[in-house]
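Hi there,

Here is the structure I promised to pass on to you. Please have a look at it, and then read on for my notes.

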There are 2 protein chains.
Amino acid sequence: MDGTDDKDVRLRESAEKLALTLSQSGMQKTTARVMTALLFSQQETMTAGDLCEVLKISSGAVSGAVNQLIPTGMIERVPAPGSRRDHYRFREHAWATLMGNQNTLLAGMWDAAAEGIKVAGKESVAGRRLDEMQDFYGFMQREMAALIDKWREQYDSDRG
Amino acid sequence: MDGTDDKDVRLRESAEKLALTLSQSGMQKTTARVMTALLFSQQETMTAGDLCEVLKISSGAVSGAVNQLIPTGMIERVPAPGSRRDHYRFREHAWATLMGNQNTLLAGMWDAAAEGIKVAGKESVAGRRLDEMQDFYGFMQREMAALIDKWREQYDSDRG
DNA sequence: CGGAGTGTTTATAGATCTCTGAAAGTAAGC
DNA sequence: GCTTACTTTCAGAGATCTATAAACACTCCG
């Protein structure tokens, strides 16, 4: 059965496709490629060397990408007894974490609006626009946090 | 009262600050600057010429940015009787529109997961990761749409 | 019609960002 | 404690993106 090789190739293609999408939405290209490589991998973990080989990039690039991904909570370094190499793995619930990080952005938007209102006042041309903006981002911040909690609960109760 | 000039300067600073944040989250720098200039402006609308002057950029750059912003629904071209120039304005409810556009991205994520599962099957190392991903983005897509509707209703009923 | 005032397009220049390759740093095992 | 295996850092090369400026196109008005 050579279906295995074929599957791996197709998984890699899917991974690259998603990486492209992500890089178009602001994520760095190599960072996105590393992330999707781990996501679509049939291995539980991958070493830096694996990533170099699969993605055809230098160890320096892998190091940079990994150190960008870890603080976001998307991947984690996993201890590998008996190996001197670092192993990396896509984190469970990473998506919820990622979405949760967006709250920082939402808060930033709220702050920006607040700052503008402080200068212009609510009863001005800019003030009215900023007031709607502040209202929206306040709302979103609250509701998004609730939404993520809801999913976590739901997912945990469905599958343990 | 020279407070007016001072306020304008401070509003411009806030605008630039937000533009920087947005450009760090993937938006093109000039596009972001044009958007925030319109958002923080004390004028109801601005012409391309106004934007050139305020942002110190060429008319070509303004043209490009504007044509990137309009399809997203963040700004609109507004007819200006008695003037040959195009006037632009930040759109009402633009934020909700922007957030709504994110649904395309969410759908793309769901699709990517589905594609991977089709290749790998759910009962595989990659499949289990992708299954959680699919679940998450399916959930988010549904709930986000509902959330935006909820805000629209709430905002409209509060202020007409 | 024709011209003036604007908006758009495009080739080029310039800036920015990111990868690479190599040297330096770190830690495990003998 | 030294050697070896690996990772990180960093200067420089290369690629990518983006703004500019000038040519072109459109539109309104006389």
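How far is a phosphate oxygen of DNA strand D from a polar backbone atom of A:D86? The separation is 3.1 Å. Please keep in mind that this is a predicted model.

Let me stay with DNA strand D for a moment. It is surrounded by 15 residues, and the closest are A:R84, A:R85, B:Q28, B:T30 and B:S58. Besides A:D86, two arginines of chain A reach phosphate oxygens of this strand with their side chains: an N or O atom of A:R85 is 2.6 Å from one, and a polar atom of A:R77 lies 3.1 Å from one. Of the strand D atoms within 4 Å of the protein, 79% are sugar or phosphate atoms, and the rest belong to bases. Helix α4 (residues 59-72) of chain A provides the largest share of the surface near this strand, three residues. Sorted by class, that surface has three nonpolar, six polar and six charged residues.

Now to DNA strand C. Here, too, there are 15 residues around the strand, and A:Q28, A:T30, A:S58, B:R85 and B:D86 come nearest. The phosphate contacts that I noted are on chain B:

- B:D86 has a backbone N or O atom 2.9 Å from a phosphate oxygen.
- B:R85 places a polar side-chain atom 3.1 Å from a phosphate oxygen.
- B:R77 has a side-chain N or O atom 3.4 Å from a phosphate oxygen.

Sugar or phosphate accounts for 77% of the strand C atoms within 4 Å of the protein, with bases making up the rest. The most residues on the surface near strand C, three, come from helix α4 (residues 59-72) of chain B. That surface divides into three nonpolar, six polar and six charged residues.

Next, the two protein chains. Chain B can be laid on chain A with an RMSD of 0.1 Å, by a turn of 180° and a shift of 0.0 Å along the axis. The two copies are thus related as by a two-fold rotation axis. In chain B, the residue that comes closest to this axis is B:G26, with its C-alpha at 1.9 Å.

Where do the chains meet? In total, 55 residues of chain B are in contact with 55 residues of chain A. Of the interface residues of chain B, 100% are also interface residues in chain A, so the copies meet through the same surface. About 5,100 Å² is buried between the two chains, and carbon and sulfur atoms give 64% of that area. On the chain B side, B:W95, B:R129 and B:E132 lose the most area to chain A, together 14% of what that side buries.

As for polar links across this interface, there are four salt bridges between the chains. Among the side-chain pairs, B:K150 and A:E143 meet in a salt bridge at 3.2 Å, N to O. I also have 22 residue pairs in polar contact between chain B and chain A, with both partners at pLDDT 80 or more. On the side of chain B that touches chain A, α1 (3-24), α2 (29-40), α5 (94-120) and α6 (125-159) each supply at least two residues. The largest share there, 21 residues, comes from α6(B). By class, this side of chain B has 31 nonpolar, eleven polar and 13 charged residues.

Happy to talk it through whenever suits you.

Best wishes

Conventions:
Residues are numbered from 1 along each chain as its sequence is written. Chains are lettered from A and ligands numbered from 1 in the order in which they are written. This is a predicted model: local features need pLDDT of at least 70, side-chain atom pairs count only at pLDDT 80 or more; totals for chains, interfaces and linings use all residues. Side-chain values use heavy atoms; hydrogens and water are left out. Contact means heavy atoms within 4.5 Å. Buried area is the accessible area (1.4 Å probe) that two parts lose on being put together, summed over both. A polar contact is a pair of N or O atoms within 3.5 Å; within protein, one must be able to donate a hydrogen and the other to accept it, and residues adjacent in sequence count only if both atoms are side-chain atoms. Helices (H or I, at least four residues) and strands (E, at least two) are DSSP runs, numbered from the N terminus. Ala, Val, Leu, Ile, Met, Phe, Trp, Tyr, Cys and Pro count as nonpolar, Asp, Glu, Lys and Arg as charged, and the others, Gly among them, as polar. Copies are superposed by least squares on the C-alpha atoms of residues with pLDDT of at least 70 in both. A residue is near a molecule or strand if one of its heavy atoms lies within 4 Å of it.
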